[in-house]
Amino acid sequence: MKNKKKKIALSKLNTESIATIENISNDLKNKTRFSEMGIIPGKSLKLIQRYSIHGPICIKIMGSTIMIRKETADQIFVSEIYDE
Amino acid sequence: MSKKPTIALIGNPNSGKTAVFNQLTGLAQKVSNYPGVTVEKHVGKIKISGKDYNITDYPGIYGIVPNSLDEKIVCEEILNWCTKKDSSPDLIVCVLDANNISRNLYLATQILEIGIPTIFALNMIDLLQESNKNIDVSLLKEKLNVHDVVTCCALNSKGLIDLTQSISQFFNNPSKNRSEISILDEKTKLSIKELTNLLQKKGMSENQSQLYAINIVSNSNSLEIFENSERSKIKEIANNSILKLEEIHSSTKSLNSIIRYQWLEKLFDKYKILINLNKTTKKSFTEKLDKYLTHPILGTGIFLSLLFTIFWALFRFSEYPMNLVDSMMGALKKTVAQIMPDGLLEDLMVNGILEGIGGIVIFIPQILILMLSLKFLEDSGYMARASFLMDRFMSKIGLNGGSVLPLMSGYACAIPGIMATRTIDDWKERLITILILPLTSCTARLPVYVIMITAFVDEPVNQTLLFMLMYLLGTITAIIVAKILSIFLKEKANPSFIMELPSYKKPILKTLLIDAYSKTKSFVVDAGKIIFAISIVLWVLASFPKDVNGNDLPIKDSYVGFIGQTIEPIIEPMGFDWKIGIGLITSFAARETFVSTMSTIYGIDEEDEKGLKENLSEDYSLLISISIMVFYVYAAQCMSTFAIVKKETNTWKWAIVMIIYMTLLAYIGSTLVFQIGSSMGYT
C-alpha cells in the first residue's frame with residue numbers, strides 16, 4: 001500500500017526517495033521553465049543525487065533528469081511516497 | 001513551382017534534433033547568424049527522390065514562451081508563422097525523444113495547435129525498445145490527429161528512411177487536413193474570449209489565438225515576443241482574462257503547463273500509447289552511470305582527469321601535424337622563392353602573404369582536436385554532468401554550472417565560447433561569463449607560450465610546469481574577476497537555475513566532424529582575414545622606406561622600427577624593447593601574430609637563417625620571457641573577441657570595459673613581474 005508522509009521541502013528529501021509535488025512557492029523565479037519541465041503540483045519525482053548539503057540536487061521527473069539548486073529546492077514542497 | 005518547399009525542424013533541446021538535421025543534410029548546410037544577434041541559423045538542403053527541399057534547424061525549445069535569447073528567436077519566428085501566413089513553412093518536422101515522450105509532447109502538442117502540417121519524428125526509438133517499451137505510433141497519430149508519426153534513429157542515416165519517405169509523400173500529395181487539437185475546456189475558452197478576439201484580429205486562427213492566450217495569462221515572459229507597441233494593449237486585456245480565470249482556476253500561474261500536462265496524462269491513461277512490457281522498474285543505463293559520474297567526490301575526480309586528458313591530447317597529438325604544416329609551409333616558401341624572380345613581389349609573396357597564411361593554418365590541428373573533444377563531451381551528455389558538479393563552486397563566484405562549457409571553450413578560442421554563452425538564461429551570469437572568458441588562455445596564446453618557454457627553458461618538466469602556471473594564472477584571475485564583477489555589477493541575478501541532464505548517448509562521428517569542420521572553417525576565414533591583412537601591412541611597414549638605391553634598410557630604420565622605438569619608454573617598465581613593442585602592436589589584432597612578427601623582424605633583419613628561438617634567447621632573458629607571457633595571459637589582444645562582445649552585449653560599453661580592465665591587468669602584471677624579478681637579481 002502506498003502512503004503519503006507529511007509535506008516537506010524538496011531539499012529535505014532523502015536520496016532515492018520518491019515524492020509528489022504538493023505546491024511551489026510563489027517566490028520562485030523563472031517559474032515558466034520549471035513548469036515546462038513538468039515541475040508542477042501533482043507530478044511525482046525521485047531524488048537521485050545530491051552534491052552536498054548546500055549543493056544542487058538531481059531529480060528524475062517525467063522521464064528526464066533535472067538539476068536544481070538547493071535554494072530552489074527549498075521553495076518546492078513535496079510529500080514523500082513510501083511502500084509499506 | 002519555382003520556390004523550393006520549406007521544412008522547419010523543431011524540438012526540445014536534447015531530442016536529437018540536430019543529429020537528425022545533420023544526417024539529413026550532411027555538409028549541404030549553411031550556418032549563418034540571425035540578423036543582429038549571434039544565434040546560429042542552420043539552413044540545409046535535402047534531396048528526396050529527385051526533389052529538393054530547404055530545411056531549417058531551429059535552436060531547441062521547451063515551449064513557445066522564451067526563457068533565453070536563442071529561445072526568443074525561435075518563439076518569435078513561430079509567432080510570425082501565426083500572424084503572417086506567407087512566412088510559415090510548408091511542413092514542420094517535430095523531433096521528439098521517444099524515451100521522454102510525455103515531456104516532449106508538451107511542446108509538440110503546442111506546435112500542433114498552430115495548425116501547420118506536422119510530422120512527429122520519434123527519435124531514439126531503439127533505446128526505448130531496448131528497455132522493453134514501445135510507442136503505439138498509429139494510436140498516437142490518430143488521437144492527436146497528426147499528419148504523420150514516424151519513428152527514427154538519427155545514429156545512422158538508415159534510421160531516417162521512414163522520415164524522408166513521409167516528407168516526400170506529404171509533398172507529393174499535400175493534404176489540406178490541418179492537424180488541429182484543442183486542450184481547453186469551454187469555461188476556460190470563455191474566460192479568455194476577449195484576449196483570443198484581440199489575437200485573432202492580429203491574424204491568428206481561433207486555435208492559435210487560444211494557444212497564445214493561455215500562454216500569455218500563464219506567464220509574463222510570453223509578452224516579450226510581441227511588438228513593443230502591442231504589449232500594453234495585450235497586457236491590459238490579459239489582466240481582465242486573468243480575473244475571470246481566477247474564478248474557475250485556483251491560480252493562473254503556470255496554468256498552461258498544468259492544463260496541458262493534465263490533458264496529456266488523461267490521454268496516456270485512457271489509451272495505451274506507451275507500451276511497457278517490464279514487470280518491474282529497472283534503472284536505466286544513464287541512471288546507473290550517473291551514480292558514479294555525478295558523485296560529488298568520484299565524479300569530480302573523473303571530471304578533472306578528463307580535463308587533464310583533453311589538454312594532454314591537445315599538446316601530444318597536435319605536435320606532429322603542427323610540425324608537418326610548418327615544414328610544408330617552409331617548403332612552399334622555398335619553392336615560391338625559387339620560381340619567382342627576385343624582387344619586391346617575391347618578397348611580398350614569401351615574407352608577407354605566405355608567412356601570414358602559415359600563421360593561420362598552424363592552428364588548425366589544435367582547434368580541431370579541442371572542438372572535437374568539447375563536442376564529444378557535449379553530445380555524449382557528459383557536459384551537463386560537469387555543469388552539475390561545478391555548479392556549487394560556480395554559484396559562489398556569481399555564475400552557474402551552465403558557464404562551464406563556454407568557459408572551457410574559451411581555452412580553444414574565446415569567440416565560440418562567447419557565442420556559447422547565449423544558452424545562459426540569466427543576463428548577469430551571461431555578462432560575467434563573457435567578460436572573464438578572454439582570460440582563459442586560448443590557443444592563440446599557445447604559440448607565444450611555446451616559443452617563449454622553449455627558447456629559455458630546456459628541461460621538459462620545467463617547460464610543462466611553466467605552461468601549467470600560465471593556464472593557472474589566467475584561470476585564477478578569471479575566478480577573482482568573476483567574483484568582483486558579481487559584487488559590483490548592478491544587473492539583477494536570477495538564483496533559480498535549472499538544467500536538464502540528457503541521457504547518455506553515443507556521439508555520432510559525422511556530427512562531431514561537421515561541427516569541428518564548421519568551427520575550424522570559421523576560425524580560418526574570420527580570424528584568418530585579419531591575420532592575413534595584418535601580415536601584409538606589417539610587411540609593408542617593415543620593408544619600407546628603402547634607401548636611395550632601393551635596397552632594404554635595417555629594420556630599426558623602417559616604419560615599424562620607428563613605431564616600436566616610439567613606444568619603447570612606455571613598455572620599458574615591463575622589460576620590453578622596441579622589437580617586442582612591434583610584436584605587441586601587431587598582436588592587438590590577434591595574439592598569434594606575435595610569433596610571425598618576431599620571425600619577420602629577425603627574418604628581414606638578418607641574412608642567415610637562424611631559428612627564432614636562438615635569436616630570442618640571445619636578445620632576452622628568462623625573466624623577460626615570463627613578463628611577455630604574463631602580458632599575453634592578461635592583455636585583450638583580439639579584434640574578433642572585441643567585435644563579438646559588442647555584438648553579443650549589443651553595446652560598445654562592455655567591449656570597452658573588457659579592453660580597459662584587461663590592458664590594465666596586463667600592464668600591471670608584467671611590470672610587477674619584471675620589476676620584482678630584476679630587484680631580486682634575475683635578469
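Two strands pair if DSSP finds at least two bridges between them. I kept that in hand while going through this structure, which is a predicted model.

**Entry 1: strands across the two chains**

I looked up S5(A) and strand S10 (residues 498-501) of chain B. They pair in the antiparallel sense, over 4 bridges. I then took one position and asked for its partner: Thr65(A) is bridged to Leu501(B) in S10(B).

**Entry 2: the contact between chains A and B**

I listed the residues on both sides. Chain A puts 29 residues into the contact, and chain B puts in 32 residues. On the side of chain A that touches chain B, I noted the elements that give two or more residues: helix H1 (31-36), strand S3 (44-50), strand S5 (64-68) and helix H2 (70-73) of chain A. H1(A) gives the most to this side, with 6 residues. I also sorted this side of chain A by class and got 12 nonpolar, 11 polar and 6 charged residues. S5(A), from the strand entry above, is among the elements listed here.

**Entry 3: H20 and H26 in chain B**

Next I turned to helix packing within chain B. Two packed helices are described by the angle between their axes and the distance between the axes. I looked up helix H20 (residues 446-456) and helix H26 (residues 612-619), both of chain B; their axes come within 9 Å and cross at roughly 65°. Angles of 65 to 115 degrees count as roughly perpendicular, and H20(B) and H26(B) are therefore roughly perpendicular to each other. I recorded the crossing of H20(B) and H26(B) as right-handed.

For the residues, I found Ile451(B), Thr454(B), Ala455(B) and Phe456(B) on the H20(B) side, meeting Leu612(B), Lys613(B), Leu616(B) and Ser617(B) of H26(B). Sorted by class, the contact of H20(B) with H26(B) holds 5 nonpolar, 2 polar and 1 charged residues.

**Entry 4: H3 and H11 in chain B**

I did the same for helix H3 (residues 101-114) and helix H11 (residues 255-270) of chain B. Their axes lie 10 Å apart, and the packing angle is about 120°. That angle makes H3(B) oblique to H11(B). The handedness I noted for H3(B) and H11(B) is right-handed.

Which residues of H11(B) does H3(B) meet? I found Arg260(B), Tyr261(B), Leu264(B) and Phe268(B), met by Ser102(B), Leu105(B), Tyr106(B) and Thr109(B) of H3(B). By class, I put the contact of H3(B) with H11(B) down as 5 nonpolar, 2 polar and 1 charged residues.

Methods: Residues numbered from 1 in each chain as written. Chains lettered and ligands numbered in written order. Predicted model: local features only at pLDDT ≥ 70, side-chain atom pairs only at ≥ 80, totals over all residues. Axes fitted to C-alpha atoms, helices over the stretch in contact; angles between N-to-C directions. Parallel < 35°, antiparallel > 145°, perpendicular 65-115°, else oblique. Left-handed = near helix turned anticlockwise from the far one by under 90°. Contact = placed C-beta atoms within 7 Å. Nonpolar A, V, L, I, M, F, W, Y, C, P; charged D, E, K, R; others polar.
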